[in-house]
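Work through the exercises below with the sequence and the coordinates open, and try each task before reading its solution.

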Amino acid sequence: IRNKTGIQISPATKIGKGFYIGHWGSIVINAREIGENVNIIQTCTIGVAYRGDRGGTPIIGNNVYIGSGARIFGGIRVGNNVAIGVNSVVTRDVEDNSVIVGAPAKVISNKGSEGYIYSYIDSNGIKHPRFGNTVIADLSPSRQGYIPIFIKERCINCGLCHSTCPD
């Protein structure tokens, strides 16, 4: 995956169903666990911290949106339904339903990730895309079952990029 897409994912990372990458390239993931329906945008790093009381790799909850350029480091927990803003640097635990931005990241709202999640897989395993998607990799050999990575092609409502969609 790394040579074709610029995406590097540690084989030790446990990834939940519905993992979605909105734009490919410059993504490095070394997390303990990524929950279900996590959406990540380009140039993000989720990685290990080797020093201090937060050493280790992050745990990312369910329904988390990670904006472009975000950095998440250390043995921290990002809660469920969290939205992480563009270029945020996260080095501390994040509570459920938080919207965080900045470097270092700070909570600006408790409205969570609703409206930010592009695509999700429900409890019956049915994919509900907000946009048309293409599967670029099946990570099943080292994971539990079929876990696709999606690349956004176009909005299924208007056929354009989501930033120009009238919806």
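**Exercise 1. Find the stretch where pLDDT stays under 50, and decide how to read it.**

Solution. The pLDDT, which is the predictor's confidence in each residue on a scale from 0 to 100, stays under 50 over residues 131-167. For this stretch the model has 82 contacts beyond four places in sequence, a contact being heavy atoms within 4.5 Å. Where pLDDT is low, predicted coordinates should not be read in detail. Over the protein chain the average pLDDT is 77, and 68% of the residues score at least 70.

This is a predicted model, in which local features need pLDDT of at least 70 and side-chain atom pairs count only at pLDDT 80 or more, while totals for chains, interfaces and linings use all residues. Residues are numbered from 1 along each chain as its sequence is written, and side-chain values use heavy atoms, with hydrogens and water left out.

**Exercise 2. Describe the open sheet of four strands, from its order to its edges.**

Solution. Begin with the secondary structure: the protein chain has one helix and 19 strands, taken as DSSP runs numbered from the N terminus (helices H or I, at least four residues; strands E, at least two). The open sheet has the order 2-5-8-11 with parallel pairing, where two strands pair if DSSP finds at least two bridges between them. Its edge strands, each pairing on one side only, are strand 2 (14-15) and strand 11 (77-78). Next, follow strand 2 to its partner: two bridges join strand 2 to strand 5 (residues 33-34), and the two run parallel. Within this pair, isoleucine 15 stands opposite isoleucine 34 in strand 5.

**Exercise 3. Which residues have the most contacts inside the largest nonpolar core?**

Solution. A nonpolar core is a set of buried Ala, Val, Leu, Ile, Met, Phe, Trp, Tyr and Cys residues joined through side-chain atoms within 4.5 Å, and buried means under 20% relative accessible area (1.4 Å probe, protein chains only). The largest such core has 25 residues, and Ile66 and Ile84 have the most contacts inside it. Strand 1 (7-9) and strand 4 (27-29) are the elements that give two or more residues to this core. Leaving aside neighbours within four places in sequence, isoleucine 66 is in contact with residues including Ile40, Ile60, Ile72 and Ile84.

**Exercise 4. Place serine 109 and list what it touches.**

Solution. Serine 109 lies in strand 15 (residues 106-109). Not counting residues up to four places away in sequence, serine 109 touches Asn97, Ser98 and Val99. A polar atom of its side chain lies 3.0 Å from the backbone nitrogen of lysine 111.

Definitions and conventions
Buried means under 20% relative accessible area, exposed over 50%, partly exposed in between (1.4 Å probe, protein chains only). A polar contact is a pair of N or O atoms within 3.5 Å; within protein, one must be able to donate a hydrogen and the other to accept it, and residues adjacent in sequence count only if both atoms are side-chain atoms.
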